[in-house]
Amino acid sequence: MFKFHFIIFSLFILGCSPISIDQEMKTNCYTSFTQEAWNFFDIPENSNIYIWPIGGENDDGADTPFLVEHEIKGYVLPDNISMFKKFINSKVKLNFTGRVYKKKPDWAEKNLGGSKESIHIEVTIEGNNYLIFDMYIPKHIKEKLSKKCTFN
């Protein structure tokens with residue numbers, strides 16, 4: 001019985017450990033370009049976009065150390081989905097860098113949390129790097145990503 005509990009405990013620790021996360025930053029995934037946020041997200045021109053910062057106090061996300069190491073400051077969102085955010089005018093220019101963050105979920109994220117493989121594209125706003133979640137990336141951009149930057 002002890003062996004069984006030890007095996008289950010070991011799998012749980014391994015599955016929840018950030019060591020087992022498969023994540024990469026890929027460069028030259030698409031041609032760099034600049035676009036105003038309202039136009040990219042297809043929202044009203046006089047609205048706001050939101051920055052969901054990472055790496056701050058109480059941020060214990062498994063992927064946070066990797067993103068901070070790659071100078072990612074947070075996520076850019078067209079929706080107000082987090083209470084820990086700041087907002088900026090949607091007329092701000094998003095500078096798309098051509099870099100992609102690829103994340104393949106670990107065992108626990110996939111089997112217990114329901115996470116899937118995902119990609120996020122990098123943008124620079126006023127000298128700071130941010131990511132845009134997979135669900136906000138338009139199809140025409142996803143179709144132009146090089147093979148090394150996708151899971152196909």
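In this predicted model, strand 1, spanning residues 22-26, lies antiparallel to strand 6, and the two are held in register by five bridges. One of the pairs to look for is M25, whose bridge partner in strand 6 is Y101. Strand 6 also takes up strand 2 (residues 33-36), again in the antiparallel sense, this time through four bridges. Here Q35 stands opposite L94 of strand 6. A further antiparallel pairing, with six bridges, links strand 6 to strand 7, and within it K102 has I119 of strand 7 as its bridge partner. Strand 6 is thus a convenient place to start when tracing the fold, since its pairings with strand 1, strand 2 and strand 7 can be followed one after another.

Stepping back to the chain as a whole, the model contains five helices and eight strands. Read from the N terminus, these elements follow the order α-β-β-α-β-α-β-β-β-α-β-β-α. The chain has 152 residues, and 41% of them are buried. Among contacts with a separation of 6 or more, 77% are between residues 24 or more positions apart.

Strand 4 offers a second starting point. Five of its six residues are buried, so strand 4 is largely enclosed by the rest of the structure. Its pairings can be taken in turn. Strand 3 runs antiparallel to strand 4, and four bridges join them; in this pairing, I51 stands opposite V76 of strand 4. With strand 8, strand 4 pairs in the parallel sense, over three bridges. In that case I72 is found opposite N129 of strand 8.

V76 appears again in the hydrophobic interior. The largest nonpolar core comprises 35 residues, and those touching the most other members are F41, V76, L94 and I132. Two or more residues each are contributed to this core by helix 2 (37-41), strand 3 (48-53), helix 3 (64-69), strand 4 (72-77), strand 6 (93-104), strand 7 (118-125) and strand 8 (128-132). I132 illustrates how these parts of the chain meet: leaving aside residues up to four places away in sequence, I132 touches F40, F41, V76, L94, F96, I119, H120, I121, V123 and I137. Some of these names are familiar from the strand pairings, including L94, which faces Q35, and I119, the partner of K102.

Loops have their own points of interest. S90 is placed in the loop between strand 5 (86-89) and strand 6. Is this loop residue buried or exposed? With a relative accessibility of 0%, S90 counts as buried. The contacts of S90, not counting residues up to four places away in sequence, are with E36, A37, W38, I43, P44, E45, N46, S47, N48 and I49.

Two other loop residues stand out for their backbone geometry. N28, in the loop between strand 1 and strand 2, has a positive phi of about 55° although it is not a glycine. Its relative accessible area is 64%, so N28 is exposed. E71 sits in the loop between helix 3 and strand 4 and, likewise not being a glycine, has a positive phi of about 60°. The relative accessibility of E71 is 56%, and this residue therefore counts as exposed.

Finally, attention turns to the second largest pocket, which has a volume of about 220 Å³. Its lining consists of 13 residues, with D63, K103, S118, H120 and F133 lying nearest its centre. What is the chemical character of this lining, by class? Six of the lining residues are charged, four are nonpolar and three are polar. Of the residues nearest the centre, H120 has already been met as a contact of I132.

S118, also among those nearest the centre, belongs to strand 7. Because its relative accessible area is 14%, below the 20% cut-off, S118 is classed as buried. Outside residues up to four places away in sequence, S118 touches Y101, K102, K103, D134 and F151. Two of these contacts lead back to the strand pairings described at the outset: Y101 is the partner of M25, and K102 is the partner of I119. K103, in turn, is another of the residues nearest the centre of the pocket.

Terms used:
Residues numbered from 1 in each chain as written. Predicted model: local features only at pLDDT ≥ 70, side-chain atom pairs only at ≥ 80, totals over all residues. Heavy atoms only, no water. Core = buried A, V, L, I, M, F, W, Y, C linked by side-chain atoms within 4.5 Å. Buried < 20%, exposed > 50% of the residue type's maximum accessible area, 1.4 Å probe, protein only. Contact = heavy atoms within 4.5 Å. 1 Å grid on protein atoms, 1.4 Å probe; cavity = no way out; pocket = protein on both sides within 12 Å on 5 of 7 lines; lining within 4 Å. Points joined across faces, edges and corners; volume = space filled by probe spheres on them. Nonpolar A, V, L, I, M, F, W, Y, C, P; charged D, E, K, R; others polar. Pairing = 2+ DSSP bridges.
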